[in-house]
Amino acid sequence: MKKFVAMIALLAGSTAMAHTADTSWEVLENDPTIKIEAGTVFMGSAIDYTFVCVDGANLRTKKPVAQYDVITIGKNQRKEIYKGAKYLSTPINYTRTAWECDWNVNGKHRTCADKVVSGSYALTVTAKVSKVLNTKNGYEKFLFNKQLSVPNCR
């Protein structure tokens with residue numbers, strides 16, 4: 001009987017901790033059992049939408065990001081040297097040059113050229129929110145989708 005009462009109390013407690021689409025982003029982001037997939041912004045590397053804010057006409061990281069140089073020691077060893085930390089940013093409306101290659105008809109030769117790519121980063125994205133059930137095998141349960149609006153930087 002005691003085990004049954006304890007089981008009911010445990011289930012009631014876990015139900016009270018269930019997150020819904022109305023749960024605040026602050027609560028979701030601070031829960032280590034929650035996984036948020038919101039897409040990325042390119043700032044020299046892929047930065048998650050949950051880690052960016054609007055700074056005028058740019059998106060930038062909410063906190064400085066560690067910067068490293070990789071040096072080669074000997075023939076096969078590499079070492080990362082910490083250079084400091086800095087904010088990363090990119091224009092919301094961007095134009096950049098990309099290297100694009102096309103294979104010819106028989107697939108034996110390719111032609112490569114610079115291509116100008118323009119676009120805009122969305123300021124509101126749909127994020128997928130999941131509950132991590134097992135960290136060892138990455139098993140997770142989809143909970144809901146939630147709109148994420150990029151906040152203004154402080």
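1. Surface patch. In this predicted model, the side chains of Ile71, Ile73 and Ile81 come together as a nonpolar patch on the surface, and their accessible area adds up to about 210 Å². Of these residues, Ile81 can be placed in strand E7, which covers residues 77-86. Ile81 has a relative accessible area of 33% and is therefore classed as partly exposed, a value that satisfies the requirement of over 30% for membership of a patch.

2. Disulfides as a set. Searching the whole structure gives 2 disulfides, and when the bonded cysteines are counted along the chain, the pairing follows the pattern 1-4, 2-3. The two links are taken in turn below.

3. The link of Cys53 and Cys153. The sulfur atoms of Cys53 and Cys153 lie 1.9 Å apart and form a disulfide; the torsion about this S-S bond is about 95°, so the link is right-handed. Distant parts of the chain are connected in this way, since Cys53 belongs to strand E4 (residues 52-55) while Cys153 sits in the segment after strand E12 (139-149), with the two positions 100 residues apart in sequence numbering. Cys53 is buried, at a relative accessible area of 4%, and Cys153, at 19%, also counts as buried, because the class is defined as anything under 20%. A reader who relies on the label for Cys153 may wish to keep both its value of 19% and that cut-off of 20% in view.

4. The link of Cys101 and Cys112. Here the S to S distance is 2.0 Å, and the angle of 110° about the S-S bond again makes the link right-handed. The pair ties strand E9 (residues 93-103), which holds Cys101, to strand E10 (residues 110-120), which holds Cys112, and the two cysteines are 11 residues apart. Are these two cysteines buried or partly exposed? Cys101 is partly exposed with a relative accessible area of 29%, and Cys112 is likewise partly exposed at 25%.

5. Surroundings of Thr33. Thr33 is placed in the loop that runs between helix H2 (25-29) and strand E1 (34-37), and with a relative accessibility of 28% it counts as partly exposed. Which residues does Thr33 touch, once those up to four places away in sequence are set aside? Its contacts are with Ser130, Lys131 and Val132. The C-alpha atom of Thr33 is also separated by 9.3 Å from that of Glu140, a residue 107 positions away along the chain. Within its own stretch of sequence, the side chain of Thr33 makes a polar contact of 2.6 Å with the side chain of Asp31.

6. Overall organisation. The protein contains 2 helices and 12 strands, and its order along the sequence is α-α-β-β-β-β-β-β-β-β-β-β-β-β. Among contacts with a separation of 6 or more, 44% are between residues 24 or more positions apart. Buried residues make up 22% of the 154 residues of the protein, and the accessible surface comes to about 11600 Å², with 54% of that area belonging to carbon and sulfur atoms.

Technical notes:
Residues numbered from 1 in each chain as written. Predicted model: local features only at pLDDT ≥ 70, side-chain atom pairs only at ≥ 80, totals over all residues. Heavy atoms only, no water. Patch = residues over 30% accessible without salt bridge, like charges linked within 9 Å, V, L, I, M, F, W, Y side chains within 5 Å. Areas by Shrake-Rupley, 256 points an atom, 1.4 Å probe, with all protein chains shown as cover. Salt bridge = Lys/Arg side-chain N within 4 Å of Asp/Glu carboxyl O. Helix = DSSP H or I, 4+ residues; strand = E, 2+ residues; numbered from the N terminus. Buried < 20%, exposed > 50% of the residue type's maximum accessible area, 1.4 Å probe, protein only. Disulfide = S-S within 2.5 Å. Contact = heavy atoms within 4.5 Å. Polar contact = N/O pair within 3.5 Å; in protein donor to acceptor, adjacent residues only side chain to side chain.
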